[in-house]
Amino acid sequence: MALLTDLLNLDLSGSTDKIIAEYIWIGGSGMDLRSKARTLPGPVSDPSKLPKWNYDGSSTGQAPGEDSEVILYPQAIFKDPFRRGNNILVMCDCYTPAGEPIPTNKRNAAAKIFSNPAVAAEEPWYGIEQEYTLLQKDINWPLGWPVGGFPGPQGPYYCSIGAEKSFGRDIVDSHYKACLFAGINISGINGEVMPGQWEFQVGPSVGISAGDQVWVARYILERITEIAGVVVTFDPKPIPGDWNGAGAHTNYSTESMRKDGGFEVIVAAVEKLKLRHKEHIAAYGEGNERRLTGKHETADIHTFSWGVANRGASIRVGRETEQNGKGYFEDRRPASNMDPYVVTAMIADTTLLWKP
Amino acid sequence: MASLADLINLDLSDTTDKIIVEYLWVGGTGVDIRSKARTVNGPITDASQLPKWNYDGSSTGQAPGEDSEVILYPQAIFKDPFRRGDHILVMCDCYTPQGVPIPTNKRNNAAKIFDNPKVAAEVTWYGIEQEYTLLQKDVNWPLGWPVGGYPGPQGPYYCAAGADKAFGRDIVDAHYKACLYAGINISGINGEVMPGQWEFQVGPSVGIAASDQLWVARYILERITEVAGVVLSLDPKPIPGDWNGAGAHTNYSTKSMREAGGFEVIKKAIEKLGKRHPEHIAAYGEGNERRLTGHHETADINTFKWGVANRGASIRVGRDTEKEGKGYFEDRRPASNMDPYVVTSMIAETTLLL
């Protein structure tokens with residue numbers, strides 16, 4: 001419909017200074033993203049200049065009906081790839097009217113950890129590999145899979161091309177450009193081992209911004225699948241059996257790890273993570289026990305292991321890092337539905353602040 | 001069809017000074033919007049520069065066949081987001097040839113109330129939250145719902161994204177930009193609790209302008225759904241049962257409410273509204289009794305109550321207003337099919353003149 005597209009793509013900068021700001025927040029399940037838009041008098045580039053807002057928390061399981069207002073605090077601004085122009089997306093977190101973070105607000109505690117001088121001084125970098133699965137609408141069966149059946153076994157699909165191997169690339173490629181436009185530090189994409197499954201990576205980003213960028217990247221992805229008429233799932237094991245699960249491997253380094261002698265710092269950090277394996281696993285995403293089986297390039301959920309170039313370990317250290325004596329490591333345990341605020345802050349907390 | 005779009009989007013400004021003016025009016029049901037267009041020498045910058053016009057009232061239930069002319073008085077102009085260029089939309093109201101407002105003309109009386117010096121001095125602000133439902137054409141079942149069945153229960157849809165949760169966003173987003181372009185003071189949009197239901201807000205606008213803008217915003221919305229092949233419903237309870245209805249919550253403040261000590265003024269105003277509850281309800285939209293049940297974030301139609309942050313009340317006062325001791329309040333009673341001329345002027349009348 002030519003006319004609808006004309007309106008959607010209207011460049012308002014010729015008729016008004018007003019902009020549209022889409023406020024984004026995390027809903028009551030801890031995984032559902034919500035958003036609504038408001039008009040502002042002019043362009044804004046600093047989140048501290050944006051007004052606080054509020055929403056009906058009783059409609060998202062975050063407040064009772066008789067006291068339903070939840071307050072949105074703007075935290076990070078990105079360019080809106082859908083409305084373009086000077087229009088923006090704003091990542092927010094949620095508070096009671098009295099100024100208390102509500103229980104599903106994980107950003108607040110993460111921000112405190114990242115503001116701790118001992119953490120800030122180490123400038124923690126995160127590279128998060130977000131895996132996800134595309135499903136056919138209404139039947140919720142993976143995109144490209146025959147309805148009522150299964151595709152041929154895994155093998156041909158990882159990083160492949162071709163109509164019989166790669167399903168949904170238009171979604172993945174438009175997401176890539178949309179995120180770059182938005183100002184998200186998206187570093188790459190690839191087709192995954194299970195057909196219909198894909199991955200994008202965000203980073204390296206510092207501290208809390210890694211969490212903000214992953215959440216907004218997820219939002220942009222779901223907006224794009226909405227347009228495409230396809231459903232996106234972050235379930236860690238969407239299809240049981242001999243099919244890969246979906247993770248959110250989190251790559252991590254600190255100043256000390258990136259400098260000479262860093263490899264020893266890495267080993268010490270990994271040892272600390274080993275001592276808190278259970279606590280981390282509990283915070284690394286719902287349903288992860290269906291994914292971390294010890295097969296399909298995972299380590300068993302009850303076992304903590306690490307190794308160089310070992311994709312069957314909980315923590316993998318790259319060959320380059322070993323060779324250079326410095327670099328970063330990859331925590332392979334987080335599930336695709338993990339909360340990046342929780343995971344990134346917990347890794348910093350355990351490796352930099354926690355005393356065994 | 002490439003050439004049809006080329007013609008619709010023709011930029012005439014190089015070939016002629018003439019502009020197209022789309023005259024809008026409210027039809028015989030009080031909720032149907034009608035329009036027709038005429039050519040005028042442009043550009044036009046004020047409604048007073050436009051000629052009066054007329055239409056066949058016997059075709060809209062507004063005049064008998066033997067004396068069918070209804071006169072259109074231009075009242076407020078907006079840029080035309082469909083024709084763009086210098087073309088405009090003009091919101092009109094309807095009169096007999098003798099100059100008497102016809103019965104469905106609610107604007108005339110509202111304008112009198114807003115011109116009353118006591119009301120004008122208080123600079124009444126309105127923010128109207130227009131909810132509406134999108135329906136699949138021909139079957140009149142909500143957009144995104146399986147034909148012959150129902151989606152999963154409410155919970156996931158409010159402000160959501162995703163092909164399984166948000167239905168019709170292209171209509172909503174096109175409407176947002178089109179209204180901004182037109183010069184309507186559209187302040188925001190959001191997906192609603194019932195799937196296929198959406199909301200946009202107009203305001204804060206002063207006095208009669210709030211209603212002119214809301215009517216034109218409704219017109220633009222229905223023009224857009226027409227393009228999209230989808231039906232617009234302003235019914236206050238489109239689907240019976242455990243599905244939210246659609247309202248037009250009307251946020252209101254006066255100068256005194258916005259100044260220090262405003263919270264007391266607000267409380268007094270609410271008390272006055274409480275004394276005229278049945279009169280207001282009667283004017284707040286047809287079929288509202290199907291919606292105001294006391295469930296689904298409404299107060300029961302026979303009960304008047306107010307509270308801070310309480311979405312189950314007739315009137316809700318925001319926490320900000322309570323904290324700052326001044327601000328505005330939200331009348332949650334009006335239905336989505338209410339006439340804003342009636343509702344906005346009635347609130348002003350009850351709180352300021354009676």
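In this predicted model, strand β2 of chain A and strand β7 (residues 186–191) of chain B pair in the antiparallel sense, and three bridges join them. Within that pairing, A:Lys36 stands opposite B:Asn190, a residue of β7(B).

The pairing of these strands leads on to the wider contact between the chains, to which chain A gives 44 residues and chain B gives 47 residues. About 3900 Å² of area is buried between chain A and chain B, and carbon and sulfur atoms account for 55% of that area. On the side of chain A, the residues A:Leu3, A:Leu7 and A:Glu226 supply 16% of the area that this chain buries against chain B, which is more than any other three residues supply.

Polar and charged groups also meet across this interface, where 22 residue pairs are in polar contact and eight salt bridges are found. In one salt bridge, the side chain of A:Glu226 meets that of B:Arg169, with N and O 2.8 Å apart. The elements of chain A that give two or more residues to the side touching chain B are α1 (2–8), β1 (19–26), β2 (33–40), β3 (53–56), α5 (208–228) and β9 (230–233). The largest share of that side, seven residues, comes from β2(A), and by class the side has 17 nonpolar, 13 polar and 14 charged residues.

Over all chains, the whole structure holds 37 salt bridges. Among them is the pair of A:Arg107 and A:Asp212, whose closest N and O atoms are 2.8 Å apart. This pair links distant parts of the chain, since A:Arg107 belongs to helix α2 and A:Asp212 to helix α5 of chain A, 105 residues apart. Both A:Arg107 and A:Asp212 are buried. A further salt bridge joins A:Asp235 to A:Arg290, with the closest N and O atoms 3.0 Å apart. Here A:Asp235 lies in the loop between β9 and β10 of chain A and A:Arg290 in the loop between α8 and β11, so the pair ties together parts that are 55 residues apart in sequence. A:Asp235 is partly exposed, at 25% relative accessible area, and A:Arg290 is partly exposed as well, at 38%.

In chain B, helix α2 (residues 107–115) has as its buried residues B:Arg107, B:Asn108, B:Ala110, B:Ala111, B:Ile113 and B:Phe114. These buried residues pack against several elements of chain B, including β4 (69–79), β5 (88–95), α5 (208–228) and α10 (340–353).

Technical notes:
Residues are numbered from 1 along each chain as its sequence is written. Chains are lettered from A and ligands numbered from 1 in the order in which they are written. This is a predicted model: local features need pLDDT of at least 70, side-chain atom pairs count only at pLDDT 80 or more; totals for chains, interfaces and linings use all residues. Side-chain values use heavy atoms; hydrogens and water are left out. Buried means under 20% relative accessible area, exposed over 50%, partly exposed in between (1.4 Å probe, protein chains only). Helices (H or I, at least four residues) and strands (E, at least two) are DSSP runs, numbered from the N terminus. Contact means heavy atoms within 4.5 Å. Buried area is the accessible area (1.4 Å probe) that two parts lose on being put together, summed over both. A salt bridge is a side-chain nitrogen of Lys or Arg within 4 Å of a carboxyl oxygen of Asp or Glu. A polar contact is a pair of N or O atoms within 3.5 Å; within protein, one must be able to donate a hydrogen and the other to accept it, and residues adjacent in sequence count only if both atoms are side-chain atoms. Ala, Val, Leu, Ile, Met, Phe, Trp, Tyr, Cys and Pro count as nonpolar, Asp, Glu, Lys and Arg as charged, and the others, Gly among them, as polar. Two strands pair if DSSP finds at least two bridges between them.
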